[in-house]
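Subject: A structure for you to look at

Hi,

Here is the structure I promised to pass on. Please open it beside this email so that you can follow along.

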Amino acid sequence: MSHHEPPRLQPPDPLAQAELLRRLRPRALVAMGVILALAVFGVSSRHARDAELARVTQEAAIPTVELCKPTLSTAIQELVLPANVEAFVDAPIYARVNGYLKSWAYDIGAQVKAGDVLGVIDAPDLNQQVEQAKGLLARSKAEQNLARATAKRWTTLRNEAAVSPQSADEKTGNLEAAAASQNAAQANLDRLVALEAYLNLTSPFDGVVTARNVDVGALVDAGAGRRELFRVADIHKMRVYVRAPQAYAAKITPGLTARLTLPQYPTREFSAKIMTTASAIAAGSRTLLVQFEADNPDRALLPGAFGQIRISLPPEGAPLLLPASALVFVNASPQVATVDELGVVRMKTVKIARDLGPSLEISAGLSETDRVIRTPWQSVHDGIAVRIKDGERKEAQAR
């Protein structure tokens, strides 16, 4: 049985190893240099990328905003209020004497002139009182004539010492009493005759009959607290009463014009002018009573009508106009965000004069030169750096 012997390893040759190392050293050095260069390039590239990322991130963190300029508002401030239309003169007609209505001549809607008889009252009692007063006056006149003749005779007798002075003075006193009695009787008759004139219910002015609350044969009683018989209104011109809020009291002055609209005329407007105000604020409603006057040549305006009046108020100062989106509330205070020349946000508290819906009138806290952020975010505050849109930046630089 034969056995194979394993090959024997020869010991390494030191000279060959040295030669191999000598040959490999340049290559190793080149490889190490390449590896080192790649490492340095990778580290520097990474630092550059990190710096670029930081720069981009920092720039992205700065918000880009759109600016707007405040402009002077040209919007007319119009105050719309409910209005009550009344006749220029309105007179209820009451009976001045007791009696029965004998007749009436004008119904509602009739045109009347001053002095026209609206109705006639029949008052038999008054007629009898007049006759009685005439009789009393006649008796007083007779008594006065008798007293005058008696006083004259007794005065003559006293001059002749036929009667005592006392008796003559008594007759003279009787004459004076008779004269006073006649004057009283005459006054009573005149009073009753004056009452007779009120048997005719007349119109006090030119106008239209707006009410007739009595008919023939109805019992009428004297006095303003009794039933109103007729009502006459002068509607050639109308009074319009409006209650304006206290906040507008200083702006409402005589001479201002307004436009009146009524439900029955949806496409028509009536011109009205402020004539006067109550010059007092009503404590219950904190409103100012304002009186307008409106011409009514075609009788389109009716007494008692309800409508709306539109008052064009004079502008207060020169309010600035801003988009409503520019407003933010900070601690319940209205503010706007402005941008200074360095691109830093500066918050300003403003006073809103009027809300026009898509825009606002600012009366204080802002100037025309301010640059306002059109749509600020809710957390905007002082000191934030912002970037302005390129188009607006170029426009600002051009200005």
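Below is what I found in it, starting with the whole chain and moving on to the core.

This is a predicted model, where local features need pLDDT of at least 70 and side-chain atom pairs count only at pLDDT 80 or more, while totals for chains, interfaces and linings use all residues. Residues are numbered from 1 along each chain as its sequence is written, and side-chain values use heavy atoms, leaving out hydrogens and water.

The protein chain has four helices and 23 strands (DSSP runs of H or I, at least four residues, and of E, at least two, numbered from the N terminus). Of its 399 residues, 31% are buried (under 20% relative accessible area, with a 1.4 Å probe and protein chains only).

The largest nonpolar core has 30 residues, and Val-85, Leu-260, Ile-309 and Ile-311 are among those with the most contacts inside it. Such a core is a set of buried Ala, Val, Leu, Ile, Met, Phe, Trp, Tyr and Cys residues joined through side-chain atoms within 4.5 Å. Strand 11 gives the largest share, six residues.

Strand 15 is a nice one to follow. Its side chains alternate: Gly-307, Ile-309, Ile-311 and Leu-313 point to one face and are buried, whereas Phe-306, Gln-308, Arg-310 and Ser-312 point to the other and are not. Strand 15 pairs with strand 4 in the antiparallel sense over eight bridges (pairing takes at least two DSSP bridges). Four bridges also join strand 15 to strand 12, again antiparallel, and here Leu-260 stands opposite Ile-309.

Happy exploring!

Technical notes
Buried < 20%, exposed > 50% of the residue type's maximum accessible area, 1.4 Å probe, protein only.
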